[in-house]
Amino acid sequence: MILYDAHHLPECYAVRLFAALVGAPLTLVPVDVYPGHEHRSDDFLARNPLGTLPVLVDGDTVWTDWQEMLAALALRHDAAWFPAHDPALIGWLGMARDLAASLGLARLIDTFGAPGDAAAARAHADVLLDEIERRRWFGERAGKVWVMPQAHPTIADVAVFVFIALCEDAGLSLRDRPALRRWIDRVRFAPGFIAMSGVFPPMANVTR
Amino acid sequence: MTNLATGVWYAIAADHDLVDGHVYRTVLGGHELAVWRAQSGTVQVWDDRCPHRGVRFSLGEVVGDDLRCQYHAWRFGPTGACTFIPAQPQMKVPGTIRARTWPVAQSGGLVWTGIDPAGPVPDLPPGTVARAIPIARPAAEVAAALVALEGLAPVVQPLDAGTTMVRAIATDGDVPRADRVLVALRRRLESAV
Amino acid sequence: MARFARTIAHTPGCPKKRNRAAAKTRWTLRRGGLATAAMTAIDPIVWNDWHPVAARCTLDPARAHTTVLLNQPLTIAIDGAGTITARRDDGGALHQDERYGLVWVCLGTPDRPVLVIAEADEPDRPAVVVGAVAVRAAGPRVIENFLDLGHLGYVHAGYLGDDPHTRVLPYSVAALPQGGIIATGCRMYQPQASPAATEGFDVEYVYKVERALITCLYKSNPLHRDRFDVIYLFVQPVTETTSVAHPLLLCLPDGTTPQGLRAFQQTIFLQDKPILENQRPARLPLADGADTPIAADKSSVAYRRWLSAIGLTWGVIPAPAKAARAA
């Protein structure tokens with residue numbers, strides 16, 4: 001499968017990370033979104049009229065929605081990551097889109113000079129992070145390791161992680177959100193995990 | 001810089017905050033702290049700042065009984081002494097290279113520290129440790145508002161001049177109720193500004 | 001000769017001359033007592049120097065670019081003909097220039113031109129603007145990190161270094177005749193030194209700091225082992241504790257597209273960003289003993305001492321007077 005990829009976008013990272021977690025080989029085609037604006041080129045718009053990244057291509061099949069890509073990869077490689085029977089999955093994927101529109105937007109404005117109201121985006125993200133922290137804290141008490149009730153991690157973890165792990169780029173802090181920090185570490189230490197710039201890969205596997 | 005009393009024990013974390021391999025991060029009276037549990041089980045409270053180049057230790061990782069800084073992977077043992085510098089692996093690390101350590105006590109499900117804390121850690125009633133709630137108001141104001149809360153034995157951690165962390169023991173064990181009460185208190189105090 | 005021609009070609013026309021005259025007048029007035037507190041407090045070393053504020057290639061005629069330089073909000077506009085105009089939002093004067101694909105501004109009285117980069121005139125080195133990245137860190141912290149060898153095997157593991165090849169071999173640091181410092185003889189094993197590298201190799205580096213907030217490195221190119229790729233990092237001082245990094249690549253042709261070069265360099269800089277944003281104190285402390293340098297940190301020590309010696313106050317915690325004199 002071919003992934004049209006922008007290295008700095010959380011949505012692209014979600015697909016790269018998930019493919020690594022389930023062992024799906026990807027061929028990456030870098031698209032110079034920043035500063036090159038290649039996603040507005042005729043070539044790219046012919047591939048995805050929405051002009052968004054990532055785009056996943058498998059033969060004649062083209063996906064342009066990053067969450068749909070996660071589901072498709074899960075169905076193909078390991079369906080345990082995609083508990084379609086549980087309505088909570090819809091909620092968490094929606095939460096991830098809300099994070100994209102708040103935390104993700106504030107990050108693009110603050111770090112890459114995109115237009116928009118960073119303070120308003122940040123205020124919305126703050127509310128979301130507080131709520132996810134609350135759910136995670138009570139989840140931990142109930143012995144739930146991941147955001148969904150399942151014992152196995154799900155695409156919801158990946159979808160939410162890629163934004164929260166980059167929250168400092170958006171001027172947000174996890175200092176007073178300890179359950180989120182613990183969950184971030186749990187994802188980082190998952191077998192197959194890969195980092196992107198801004199997220200530290202686990203070091204502790206290297207010993208001397 | 002600090003509104004911290006000397007000689008006083010402050011609760012800065014709950015036991016459940018310290019999981020294997022993880023560095024918990026908080027701030028006490030303007031002093032940023034990294035809190036972690038070594039493989040041997042001892043709990044460490046350190047300045048959240050690597051003495052080498054000032055990077056927060058809480059970005060790093062626990063490796064066995066060492067804390068490893070994320071920047072240059074310098075390792076520091078439970079006494080705070082630097083044990084290994086990968087850029088100069090043959091060098092015997094000078095004993096003067098140390099992380100600044102804080103006193104530690106564990107009691108009532110909480111981790112305590114302070115500046116020259118004296119005497120025993122405050123005795124809390126039995127119960128369950130509720131979720132710590134940060135409130136963007138000064139400690140004195142938050143403490144005053146906590147007096148009236150039933151079923152909760154609160155302890156206050158001044159984060160900085162304008163922000164306070166409230167930890168509470170739910171004496172009836174009803175942690176969800178304690179959470180609702182503290183979150184409502186947060187909303188009330190923060191909206192009263 | 002080529003360099004000279006280029007310098008002339010970049011000399012701006014009339015609008016800038018008007019600006020310069022206006023700036024002098026205004027500057028005098030401000031010195032006479034009309035200055036705001038914020039303005040008089042700003043370190044003349046950075047106030048009278050040139051700083052990049054935008055890349056031409058990212059400017060959009062449909063939308064003015066806003067940024068901040070030395071606490072002063074700026075608006076940079078480009079018209080349909082490609083003419084770029086930088087303005088201070090408070091109406092104050094500024095000096096404007098364009099070099100290396102970047103728009104440069106001096107808010108004070110420039111006593112020298114924008115830094116001349118000889119390699120920019122070598123015909124087989126296209127200047128590639130990487131794309132600005134804002135970072136919540138003091139400018140001097142960003143420069144110091146660029147000079148740092150010991151972090152390459154960790155923060156850039158798999159690219160610019162790798163555990164266990166983390167040993168920093170001895171290198172030399174000297175003063176540059178025109179001011180600044182140079183570190184030579186730096187060597188590092190790198191698994192992926194650049195996008196074109198197909199295998200790890202021992203990379204040789206030279207680092208220079210030519211102005212307080214401008215640094216560069218020369219590093220071995222995997223295909224031209226007798227010449228060097230050149231990477232500049234210009235730091236736009238936004239506030240004392242926030243900056244915008246403007247990296248510029250002057251690399252030898254090795255088959256890598258500009259897009260590939262940009263993606264690689266952005267990846268590297270964005271790996272440094274969380275480190276820079278978690279260094280405390282936020283401003284770089286210049287006193288000896290504020291941190292714990294080892295031999296591997298020679299260039300950091302030299303940079304901090306040089307900043308003390310020139311008396312920089314922006315983005316730093318100055319050393320006590322005695323320490324500054326000793327440097």
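The buried residues of helix H5(A) are A:Ala121, A:Arg122, A:Ala125, A:Leu128, A:Leu129, A:Ile132, A:Glu133, A:Arg136 and A:Trp137; a residue is buried if 20 or more other C-beta atoms, placed from the backbone, lie within 10 Å of its own, exposed if 12 or fewer, and partly exposed in between. The model is predicted: local features need pLDDT of at least 70 and side-chain atom pairs count only at pLDDT 80 or more, while totals for chains, interfaces and linings use all residues. Residues are numbered from 1 along each chain as its sequence is written, and chains are lettered from A and ligands numbered from 1 in the order in which they are written.

**Chain A**

Helix H5 of chain A covers residues 118-141. Its 24 residues reach 34 Å from the first C-alpha to the last, close to the 34 Å expected at 1.5 Å a residue, where the expected span is 1.5 Å times one less than the number of residues. Helices (H or I, at least four residues) and strands (E, at least two) are DSSP runs, numbered from the N terminus. An α-helix has 3.6 residues a turn, so residues three or four places apart point the same way. The cover over the buried residues of H5(A) includes H4, helix H6 (155-164) and helix H7 (178-188) of chain A. After H5(A) comes A:Gly143, with a positive phi near 80°.

Helix H4 (residues 88-112) of chain A contains A:Ile90. This residue, A:Ile90, is exposed, because 11 other C-beta atoms lie within 10 Å. From A:Ile90 to A:Ala151 the C-alpha to C-alpha distance is 18 Å, at a sequence separation of 61 residues.

**Chain B**

Chain B has 2 helices and 15 strands. Its radius of gyration is 18 Å, which agrees with the value near 16 Å for a compact globule of 193 residues; the radius is taken over C-alpha atoms, and the globule rule is 2.2 Å times the number of residues to the power 0.38. Along the principal axes, the C-alpha atoms of chain B fill a box of roughly 60 × 30 × 30 Å. Of its 193 residues, 46% count as buried. Among contacts in chain B with a separation of 6 or more, 52% join residues 24 or more positions apart; two residues are in contact if their C-beta atoms, placed from the backbone, lie within 7 Å.

**Chain C and the contact surfaces**

An automatic or database assignment provides the domain bounds: chain C is divided into domain 1 (2-106) and domain 2 (118-326). In the contact between them, 21 residues of domain 1 meet 22 residues of domain 2. E1(C) gives the most to the domain 1 side, with 4 residues.

Chain B contributes 19 residues to its contact with chain C, and chain C contributes 18. The contact between chains C and A takes 21 residues from chain C and 16 residues from chain A. H7(C) provides the largest share of the chain C side, 10 residues.

The table gives the residue classes. Ala, Val, Leu, Ile, Met, Phe, Trp, Tyr, Cys and Pro count as nonpolar, Asp, Glu, Lys and Arg as charged, and the others, Gly among them, as polar.

| Side | Nonpolar | Polar | Charged |
|---|---|---|---|
| Chain B, touching chain C | 10 residues | 5 residues | 4 residues |
| Domain 1 of chain C, touching domain 2 of chain C | 12 residues | 5 residues | 4 residues |
| Chain C, touching chain A | 9 residues | 7 residues | 5 residues |

Strands E9 (residues 172-175) and E10 (residues 181-190) of chain C pair in the antiparallel sense over 4 bridges; pairing requires at least two DSSP bridges. C:Ala174 has C:Ile182 of E10(C) as its bridge partner. The hairpin of E9(C) and E10(C) has 5 residues between the strands, and C:Gly179 takes a positive phi near 100° there.
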